[in-house]
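User: I have a model on my screen and would like to know how its labels are earned. Could you walk me through the reasoning?

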Amino acid sequence: MLTVVDHPLLARAVTTLRDKRTPHGDFRRTLGDAAAILAYEALRSVRTEPTEVETPLETTEGVRLADEVVVVPVLRAGLGLVDGFVRFVPEARVGHLGMYRDEATHRPVDYYSNIPPVRDARVFVVDPMLATGGSAAGALSHLKQRGANHLTFVCLVAAPEGVRRLEEYHPDVPVVTAALDRELDDKAYIRPGLGDAGDRIFGTQA
Ligand code: PRP
Ligand code: URA
């Protein structure tokens with residue numbers, strides 16, 4: 001299931017992130033703000049259980065999170081979304097999956113994996129860009145092999161091609177995004193998109 005989060009502050013953040021004049025410091029900060037709004041929506045699926053809390057005046061009922069939360073950024077660009085999640089759930093475990101897209105074939109290449117226990121946890125795989133969907137589909141397959149059984153994929157900008165690929169290969173995984181864009185171009189860049197997310201976050205573009 002695809003959820004396109006509709007919020008005026010998120011739409012404004014996406015506009016800032018699309019703007020080619022936004023320097024990398026502002027890009028990184030704005031992406032963090034957008035990630036917090038996406039996290040707020042995606043974390044709705046986390047269950048709570050009752051607990052008691054003492055106010056200065058009396059004891060009353062409250063809730064605590066019943067689920068373990070795991071956030072898995074797809075390196076490198078996914079790192080830009082992690083703080084948006086852990087600011088709400090500081091106890092979340094963070095796994096890392098290293099993948100880059102081969103520029104010629106557009107296929108994902110794995111280079112790193114360090115994943116905490118994921119079975120029965122609420123696992124949020126985060127990456128700003130869902131283009132062909134190759135990286136996301138590969139990341140989700142990897143986590144399923146590790147036992148993940150409650151996965152959500154969270155991105156900032158999705159292309160229809162990537163959404164279709166996830167619906168085909170991972171129909172059980174909800175996808176949360178801030179924007180569903182028009183198409184991929186012949187270099188598999190999202191249009192209108194925001195360019196190379198990793199380069200824009202880390203300032204590595206020429
Ligand atoms: C980007 C992006 C995704 C991937 C999306 O990463 O962050 O991981 O491309 O493309 P896909 O849906 O076609 O697989 P990139 O390969 O540029 O690596 P980086 O994050 O290290 O810059
Ligand atoms: N990766 C990016 O960073 N941007 C795109 O448009 C496609 C893949």
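User: What makes the pair between ligand 2 and Ile190 a polar contact?

Analyst: Happy to help, and do keep in mind that this is a predicted model. An oxygen atom of ligand 2 is 2.8 Å from a polar backbone atom of Ile190. The cut-off for N or O atoms is 3.5 Å, so the pair counts as a polar contact. Two other backbones can be read in this way: an N or O atom of Gly195 lies 2.8 Å from a nitrogen atom of ligand 2, and one of Ala197 lies 2.8 Å from an oxygen atom of ligand 2. The protein covers 88% of the 240 Å² of accessible area that ligand 2 has on its own.

User: Which residues surround ligand 2, and how do they divide into nonpolar, polar and charged?

Analyst: Around ligand 2 you will find Arg101, Met129, Ala131, Ala188, Tyr189, Ile190, Gly195, Asp196 and Ala197. This shell has 6 nonpolar, 1 polar and 2 charged residues. Gly counts as polar and Asp and Arg as charged, so Gly195 is the polar one and Arg101 and Asp196 are the charged ones.

User: Where does ligand 1 sit, and what surrounds it?

Analyst: Ligand 1 sits in the largest pocket, and the space taken by ligand 2 is that largest pocket too. Ligand 1 is surrounded by 15 residues, the closest being Arg101, Asp127, Thr132, Gly133 and Ser135.

User: Why are the pairs of ligand 1 with Thr132 and Arg76 called polar contacts?

Analyst: A polar side-chain atom of Thr132 lies 2.5 Å from an oxygen atom of ligand 1, and a side-chain N or O atom of Arg76 is 3.0 Å from an oxygen atom of the ligand. Both values are within 3.5 Å, so both pairs qualify. For ligand 1, the protein covers 91% of the 500 Å² of accessible area that the ligand has on its own.

User: What makes Asp19 and Arg21 a salt bridge?

Analyst: Their side chains meet at 2.8 Å, N to O. The limit is 4 Å, so the pair is a salt bridge. Arg29 and Asp26 also pass, because their closest N and O atoms are 3.6 Å apart. By this rule the count comes to 12 salt bridges.

User: Why is Arg21 called exposed, and Asp19 partly exposed?

Analyst: Arg21 has a relative accessible area of 69%, and exposed means over 50%, so the word fits. Asp19 has 25%, which lies between the 20% and 50% limits, so Asp19 is partly exposed.

How values were computed: Residues numbered from 1 in each chain as written. Chains lettered and ligands numbered in written order. Predicted model: local features only at pLDDT ≥ 70, side-chain atom pairs only at ≥ 80, totals over all residues. Heavy atoms only, no water. Near = heavy atom within 4 Å. Polar contact = N/O pair within 3.5 Å; in protein donor to acceptor, adjacent residues only side chain to side chain. Areas by Shrake-Rupley, 256 points an atom, 1.4 Å probe, with all protein chains shown as cover. 1 Å grid on protein atoms, 1.4 Å probe; cavity = no way out; pocket = protein on both sides within 12 Å on 5 of 7 lines; lining within 4 Å. Sits in = over half its atoms within 2 Å of the grid points. Buried < 20%, exposed > 50% of the residue type's maximum accessible area, 1.4 Å probe, protein only.
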